[in-house]
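Welcome! Here is a short tour of how some pieces of a protein fold fit together. Have the structure open as you read.

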Amino acid sequence: MFKSMKGMLLTLLAISLVLAMAGCGSGSSKAEEAKKVVIYTNADEEAVTSMETALKSAGYDGKYVLQTFGTSELGGKLMAEGDNIEADLITMSSYFIESSQSQHLMFKDLSFKTGALEQYPAYYTPILANTGSIFINTEVLKEKGLSLPTSIKDLTAPEFKGLVSIPNIMDSSTAWLLVQAIIGQYGQDEGKTVLHDLITNVGPHLESSGSGPLKKVQAGEVAAGFGLRHQAVKAKAAGAPIDYVDPIEGNFSLTESLAVVDKKNATTELAMKMAEVIIKDARKDLIANYPVALYDGESVDDVNKPAQSLKFEQSLTVELLKEHQEFFKSAQQ
């Protein structure tokens, strides 16, 4: 009986050891998960693919978790949560990064040299840039007997009524490029009239996405639209009856940038290394899809160089965006 009891005790001890080891393994797994860099981004599919390809090629596969958000949603999280946000690495519209840093001081200065063509704050650097322009359907323009527009104001002419598509600034940052161009050229008062007349001509073709107007133009539902220049260049090169026009009001641009949340831990350092990989290795793919030169040694074909590149006179911030959204809404009335 003594031997039987001893055997049972040894068996129970062995089971306990196995469970303890399993528990340690589980804890280790959770610790491993906690060390993964969490990346939040508002980037679209092409940009996400470029970044992930670079990270995996650099040996970081399985060492990060990437989650995509709409610009407004991620911007809201940045402004509300500050450095309490779950993310360790952010790619986001630059104006949101600047505004959240101003409010929370949440980002760590980048520890690597970027080689950017322009000077940016020490805590972020751009991953891509988008530029606005007019584009037209050459067949519809000819069919309707319309003159080629050379300005945004031309699209307010009566003959363009119902034949123009633009994005809504309440849903798409692409529309901000349009509003900057109008206010920059015409000021607040005349600009409001221009925008009102434009929105009147747009009618039901006010789109919630930045790519919506080009889709309408390509489909022949409208003759002209406003959106991202590189998309129209690409559509024309693919053989679509599309052409692009650099308006006299100017081609304004928005950048999306990368920043590391300063959590002062080992994950922050790993996030910084991943940030450098994205800037150094992903740009060759990013510039192919978003053809704007941002770094030393980069160049783009002449077709991708806008004729009227301009910068808005005020710094782009979340607060300025809200002002311009109110300007847009008042012009709708």
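Ile166 of strand 6 has Leu206 in strand 7 as its bridge partner. You are looking at a predicted model, and strand 6 (residues 164-167) is a good place to start exploring. Strand 7 covers residues 206-207, and it runs parallel to strand 6, joined to it by two bridges. Strand 6 also pairs with strand 8 (residues 224-228), again in the parallel sense and over two bridges. Here Ser165 is the residue to find, with Gly225 of strand 8 as its bridge partner.

The two partnerships look like this:

| Residue in strand 6 | Bridge partner |
|---|---|
| Ile166 | Leu206 in strand 7 |
| Ser165 | Gly225 in strand 8 |

Are the residues on the two faces of strand 6 buried or exposed? Val164 and Ile166 on one side are buried, and so are Ser165 and Pro167 on the other, leaving both faces covered.

Now let's turn to a pair of helices. Two packed helices are described by the angle between their axes and the distance between the axes. For helix 3 (residues 71-81) and helix 4 (residues 94-104), the axes come within 9 Å and cross at roughly 15°. Angles under 35 degrees count as roughly parallel, so helix 3 is roughly parallel to helix 4. Their crossing is right-handed.

Which residues make the contact? Helix 3 brings Thr71, Gly75, Leu78, Met79 and Ala80, while helix 4 brings Tyr95, Phe96, Ser99, Ser100, Gln103 and His104. Sorted by character, the residues of this contact are five nonpolar and six polar, with no charged ones.

Note on methods:
Residues numbered from 1 in each chain as written. Predicted model: local features only at pLDDT ≥ 70, side-chain atom pairs only at ≥ 80, totals over all residues. Heavy atoms only, no water. Axes fitted to C-alpha atoms, helices over the stretch in contact; angles between N-to-C directions. Helix = DSSP H or I, 4+ residues; strand = E, 2+ residues; numbered from the N terminus. Parallel < 35°, antiparallel > 145°, perpendicular 65-115°, else oblique. Left-handed = near helix turned anticlockwise from the far one by under 90°. Contact = heavy atoms within 4.5 Å. Nonpolar A, V, L, I, M, F, W, Y, C, P; charged D, E, K, R; others polar. Buried < 20%, exposed > 50% of the residue type's maximum accessible area, 1.4 Å probe, protein only. Pairing = 2+ DSSP bridges.
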